[in-house]
Amino acid sequence: MANIGYIALLLALVASMYAAIVFVLGRRHPALIHSARNSLLAVCGLVSISVAVLLYALLTHNFQIEYVASHTSHDLSLAYLLSALWAGNDGSLLVWAWLLSIFAAVAVFRKRDIGGELVSYASSIVMVTQAFFLILLLSVSNPFQQLSFVPADGRGLNPLLENPAMILHPPLLLAGYVGFTIPFAFAIAALLTGKLSNEWLIAIRRWTLLAWLLLGVGNLIGAWWAYVVLGWGGYWGWDPIENAGLMPWLVATAFLHSIMMQRRRGMLKIWNMLLIILTFNLAIFGTFLTRSGILSSVHTFSESALGPFFLAFIGATLFGSLGLLYYRSKELKGEAEMESLVSRESTFLLNNLLLVGAAFVIFLGTVFPAIFEAVRGARISVGPPFFNQVSGPIFLALILLVGICTLIGWQRASIKKLIRNFLWPLGAALILVIVLLFLGVREWHALIAFPVCGFVFFTIFYKWFQETRTRQQMRAENYLKAFWGLVVTNRPRYGGYIVHIAIILIAIGVIGSSFYEVEKEAVLKPGESMTVKNYTLTYEGMNHYEAQSKSVVTATLSIYNYGELVGKLTPEKHFHWSYEQAVTEVAIRTTLREDLYVILIGWDEDNTTAFKVLVNPLVIWIWIGGGVFVLGGLIAFWPDSSVYAHPSGQ
Amino acid sequence: MLRKRRFLIGGITVFLAIGYLVFMGFQDSVTYYYTVSELMEQGSSIYDENVRVKGQVAPGSVEQEATGRILRFTIIDGEESLSVTYQGAVPDTFKVGAEVIVEGQFNSNGIFQAHTLMPKCPSRYVPQQ
């Protein structure tokens, strides 16, 4: 059975290599292109067969296959049996290859009639990438590797991964990473064919948006999982693995913005190429980081043989594409000049510099320990304080930029008009400062950060108000209908506004929980209480029960807010039969204002129990922001019934 | 040309600002990371500096005071050993024989005062052992 899976991958490799070669060599011969397309489809079918085989093995508990034995067990529920497909290294690489084959098939068949040569070259590049991953799967990362015996039961899934978020998080991230292959392929195709007008940009705008959305949501779900499951009270630890998912997303954000510059004004052509090359390589780097032990991390993954393969691939891709870019650089001259420092173009440029700067800084912090050790011999570690201290101001500046950019027009903006546009939002922000001071807020971070967020909110709403009023006057509709009409006919732009609002919401959550977190530890006997801020927690008692795969200890606390009983929280510790370590399940009480977060630390025989309690303000706004992010992204992504022509004017 | 230069100056300013942030970040937040033996080699120069030390929890060395939750244990790395005291939440993954990273100060009385305890978490993608 496993052999079928392996052979399917082998055939897929042959088909992808055939396609890669024939797409290029046969680009002027329709019959050959046709066969290359069919080959690409065959790749998709064959990898799908392989995936089906592995899924079948997982579902039927075929423990002779090493992967199945390592990641599942007899008592694992259906959902987790299926998600075991990406729970391990080999399986997730198989999913990478599978997603790539599907995306390739979709991309090729949507572009059936547009720009033949461009599509052919792009398809070839995608097939080369496909071949790389298939080679990995067939050699060092074989998901169908068999054991010489059949174990009675598998090792089971790490209980930390038994969570709905873990069903979504890896595939979303993988889909995001994979998705960037398509825009990259088209960029390289544009460089190879010399078709350097906006043709390739138009082809890939929605692919980039899709990959960016998936990666963003994947990161947010990862943060949510860390908060709710890992139970240390935070949602982002600046772990190399986390950073690996953030860096390509930041650079892709820059790319999405600078695409607009190229389409509107024909500017930044070389920069755009650089950005997509960087995004793709960071995505591959991210895939690689998650599998190699080269960086010490809380999730220490052992050194594996994959490292050299990935580094070779990144090296070849990076140098190949940069060399190609250099070769074509003269043909990529911009069509317009940057005119004024006070213009939307400037803010876009600054936005790009800051985003790439942030990604660079994070990259530096992530790899610095490895470099330092190689050069100086001593080991250092770079932790959250570094990343927070360095990236915080950059992100705040970016948020401020959103507000400024919303109000500034394209090309030269008249200062008078600018000041008039700024007055209302700025005024509102100043009122916010006064309100905060009145509420007793004295920390300068909050007094700067929150009003900045408020300012940006107000600029976006002010803009909406202005545009709705214009439309309402033109068409004599009521305000609501006018606004809806605006959104529907300007989906990319309004989707973008909504995404910006989402980012502000997330920022508010991050700022609140980063600066105003309160922590307290206490040791309580049943009946005793502890106080944290306005909460009193009274320890009621301890309980113990057995479930299907584990033994559970729970502690119950009654929660009083300002003296009033508001509920109970039961933090737990799970002791799984098949897993050596205890797993802590935190208890969280969420309100719009703050999270009350309780961790059960330990207990003595006499029921003296230790708790750690955190009050995390505004955390829920991060998840709400995540939802708004998806909404905005979908609106921006939704296809126009008409062809995407000129984006509507100022 | 003046226009282009204005942009160039702007770009360089941004670059310098970020560079400054990074420099300050490294100054303030980078921590040296030693094994137990390496820490001992540093001698008195390392006293009271915030550092991280890696070692294995020695069998029979773990003492936990019930009240006040003070944890005392020794970490070893084959040759040298280091006494550690730690107060706070003990992660589930901490146990005898586990590899841990402690962060804190090495005091002149020979005891390492740890404020952070990080046992290695179970890996997700692990090749067959």
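Okay, quick bit of vocabulary before we start: when I say strand, I mean a DSSP run of E that is at least two residues long, and strands are numbered from the N terminus. With that in hand, Asp595(A) is found in strand S10 of chain A. Please keep in mind that this is a predicted model.

Let's zoom out. Chain A comes to 19 helices and eleven strands. Its radius of gyration is 27 Å, and the globule rule gives 26 Å for 650 residues, so chain A is as compact as a globular protein of that length. If you lay the C-alpha trace along its principal axes, you get about 80 × 75 × 60 Å. Of those 650 residues, 47% count as buried. And if you take the contacts between residues at least 6 apart in sequence, 72% of them join residues at least 24 apart.

Now, back to S10. Which strands does it sit between? The order in this open sheet is S2-S11-S10-S9, so S10 lies between S11 and S9, and the pairing is antiparallel. At the edges you have S2, residues 518-524, and S9, residues 587-590; each has a single partner strand, so one side of each is left without a neighbour in the sheet. Neighbouring strands here are turned by 15 degrees against each other on average, ignoring direction. As a reminder, strands of a sheet pair through backbone hydrogen bonds.

Look at the S9 and S10 pair on your screens. S10 covers residues 594-603, and four bridges join it to S9(A). One spot to find there: Ala587(A) stands opposite Val598(A) in S10(A).

So, Asp595(A) itself: buried or exposed? Neither, really: it's partly exposed, because it has 19 other C-beta atoms within 10 Å, and buried takes 20 or more. Leaving out residues up to four places away in sequence, Asp595(A) touches Ile588(A), Arg589(A) and Thr590(A), and also Asn616(A), Val619(A) and Ile620(A). Take Ile620(A): 25 residues along the chain from Asp595(A), with 7.6 Å between the C-alpha atoms.

For contrast, let's go to Ala555(A), in strand S5, residues 550-561. This one is buried, with 25 other C-beta atoms within 10 Å. Its contacts, again skipping residues up to four places away, are Tyr539(A), Met542(A), Thr570(A), Pro571(A), Leu600(A) and Thr609(A). And how far is Ala555(A) from Ile202(A) in space? The two are 57 Å apart, C-alpha to C-alpha, and 353 residues apart in sequence.

That's my tour, thanks.

Notes. Residues are numbered from 1 along each chain as its sequence is written. Chains are lettered from A and ligands numbered from 1 in the order in which they are written. This is a predicted model: local features need pLDDT of at least 70, side-chain atom pairs count only at pLDDT 80 or more; totals for chains, interfaces and linings use all residues. The radius of gyration is taken over C-alpha atoms; the globule rule is 2.2 Å times the number of residues to the power 0.38. A residue is buried if 20 or more other C-beta atoms lie within 10 Å of its own, exposed if 12 or fewer, and partly exposed in between; C-beta atoms are placed from the backbone. Two residues are in contact if their C-beta atoms, placed from the backbone, lie within 7 Å. Two strands pair if DSSP finds at least two bridges between them. Axes are lines fitted to C-alpha atoms, for helices over the stretch in contact, and angles run from 0 to 180 degrees between N-to-C directions.
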